[in-house]
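Welcome! Take a moment to look over the sequence and the model before reading on. The report below is meant as a friendly first walk through it.

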Amino acid sequence: MATLRADLVADCSRCVGLCCVAPAFAASADFAIDKPASSPCPNLQVDSRCGIHDRLRDRGFPGCTVFDCLGAGQRVTQHTMGGRDWRDAPEVAATMFAVFPVMRQLTELLWHLTEASTLLPDGPLRTAVAAARARTEAHTLAPAPDLVALDAGGWRREVGELLGRVSEAVRAEVPERARDRRGADLMGA
């Protein structure tokens with residue numbers, strides 16, 4: 001499991017600042033500025049490092065301090081795009097920025113599936129988790145056009161149903177567990 005988890009750790013030195021370029025930011029408690037998608041954050045330096053990394057919270061960017069791509073950035077940079085940088089190869093920029101959020105969803109699913117497999121005894125549910133993890137890993141290895149075309153939301157829902165079954169199985173062992181409040185309107189509660 002440690003090896004599987006090692007691939008789900010962000011390694012910014014192997015990325016080209018995709019989390020600072022691809023997503024949009026809205027001025028809020030998390031981000032001091034509005035930043036459109038596919039536009040570099042003004043704090044991103046030419047070496048793909050943050051110019052205010054040690055002062056993010058003080059400068060109004062606490063959202064950056066809690067974001068984790070779970071290795072999506074280096075997967076897109078190193079594997080999907082073969083080590084290319086959107087700055088040096090502007091013809092691949094749009095593709096990189098389109099692939100990044102898909103890869104981010106896949107790495108998050110990999111993280112959850114890896115964790116789920118540690119919680120289950122051998123049996124059909126653990127086998128289903130291993131199969132879903134293998135299929136998700138295969139998606140991450142797909143070429144860029146396939147990743148852009150992937151119905152990531154559909155795959156996320158399918159895996160989410162499986163993870164829901166894992167949750168039920170694991171929580172069934174908890175004595176006096178709390179009532180299930182999925183879908184409940186708890187506004188004001």
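Is the crossing of helix 3 and helix 4 left-handed or right-handed? Keep that in mind while we look at the whole chain; the answer comes with the section on this pair.

## The overall picture

What you see is a predicted model. The protein chain has seven helices and zero strands, and its pattern along the sequence reads α-α-α-α-α-α-α. Along the principal axes, its C-alpha atoms fill a box of roughly 55 × 45 × 30 Å.

The protein chain has 189 residues, and 37% of them count as buried. Among contacts with a separation of 6 or more, 64% join residues 24 or more positions apart.

## Helix 3 meets helix 4

Now back to the opening question: helix 3 and helix 4 make a right-handed crossing. Their axes come within 8 Å and cross at roughly 125 degrees, which means helix 3 is oblique to helix 4. On the helix 3 side, the residues that meet helix 4 are Ala72, Gly73, Arg75, Val76, Thr77 and Thr80. Their partners in helix 4 are Met96, Val99, Phe100, Met103, Arg104, Thr107 and Leu110. Sorted by class, this contact has seven nonpolar, four polar and two charged residues.

Ala72 is a good residue to find here, as it lies in helix 3. Is Ala72 buried or exposed? It counts as buried, because its relative accessibility is 0% and the cut-off for buried is under 20%. Leaving out residues up to four places away in sequence, Ala72 touches Phe100, Met103, Arg104 and Thr107. By contrast with these contacts, the C-alpha atoms of Ala72 and Ala128 are 24 Å apart, with their positions 56 residues apart in sequence.

## Helix 4 beside helix 7

Helix 4 (residues 93-119) also packs with helix 7 (residues 152-171), at an angle of about 20 degrees and with the axes 11 Å apart. That angle is under 35 degrees, so helix 4 is roughly parallel to helix 7. The crossing of these two helices is left-handed.

Helix 4 brings several residues to this contact, including Val102, Leu106, Leu109 and Leu113. Helix 7 adds others, among them Trp155, Val159, Leu162 and Val166. The residues of the contact divide into 13 nonpolar, three polar and two charged.

## The nonpolar core

In soluble globular proteins, nonpolar side chains tend to be buried together. How many residues does the largest nonpolar core have here? It has 44 residues, and those with the most contacts inside it are Leu18, Trp86, Met96 and Phe97. Helix 3 (72-80), helix 4, helix 5 (124-140), helix 6 (144-149) and helix 7 each give two or more residues to this core. The largest share, eleven residues, comes from helix 4.

Phe97 is worth a closer look. Not counting residues up to four places away in sequence, Phe97 touches Leu18, Val21, Ala22, Ser38 and Trp86.

## A buried threonine

Thr140 is found in helix 5. Thr140 is buried because its relative accessible area is 1%, under the 20% cut-off.

Which residues does Thr140 touch, not counting those up to four places away in sequence? They are Arg75, His79, Thr80, Met103, Leu106, Leu110 and Leu147. Pro42 lies 98 residues from Thr140 along the chain, and their C-alpha atoms are separated by 29 Å.

How values were computed
Residues are numbered from 1 along each chain as its sequence is written. This is a predicted model: local features need pLDDT of at least 70, side-chain atom pairs count only at pLDDT 80 or more; totals for chains, interfaces and linings use all residues. Side-chain values use heavy atoms; hydrogens and water are left out. Axes are lines fitted to C-alpha atoms, for helices over the stretch in contact, and angles run from 0 to 180 degrees between N-to-C directions. Helices (H or I, at least four residues) and strands (E, at least two) are DSSP runs, numbered from the N terminus. Angles under 35 degrees count as roughly parallel, over 145 as roughly antiparallel, 65 to 115 as roughly perpendicular and the rest as oblique. A crossing is left-handed if the near helix is turned anticlockwise from the far one by less than a right angle, and right-handed if clockwise. Contact means heavy atoms within 4.5 Å. Ala, Val, Leu, Ile, Met, Phe, Trp, Tyr, Cys and Pro count as nonpolar, Asp, Glu, Lys and Arg as charged, and the others, Gly among them, as polar. A nonpolar core is a set of buried Ala, Val, Leu, Ile, Met, Phe, Trp, Tyr and Cys residues joined through side-chain atoms within 4.5 Å. Buried means under 20% relative accessible area, exposed over 50%, partly exposed in between (1.4 Å probe, protein chains only).
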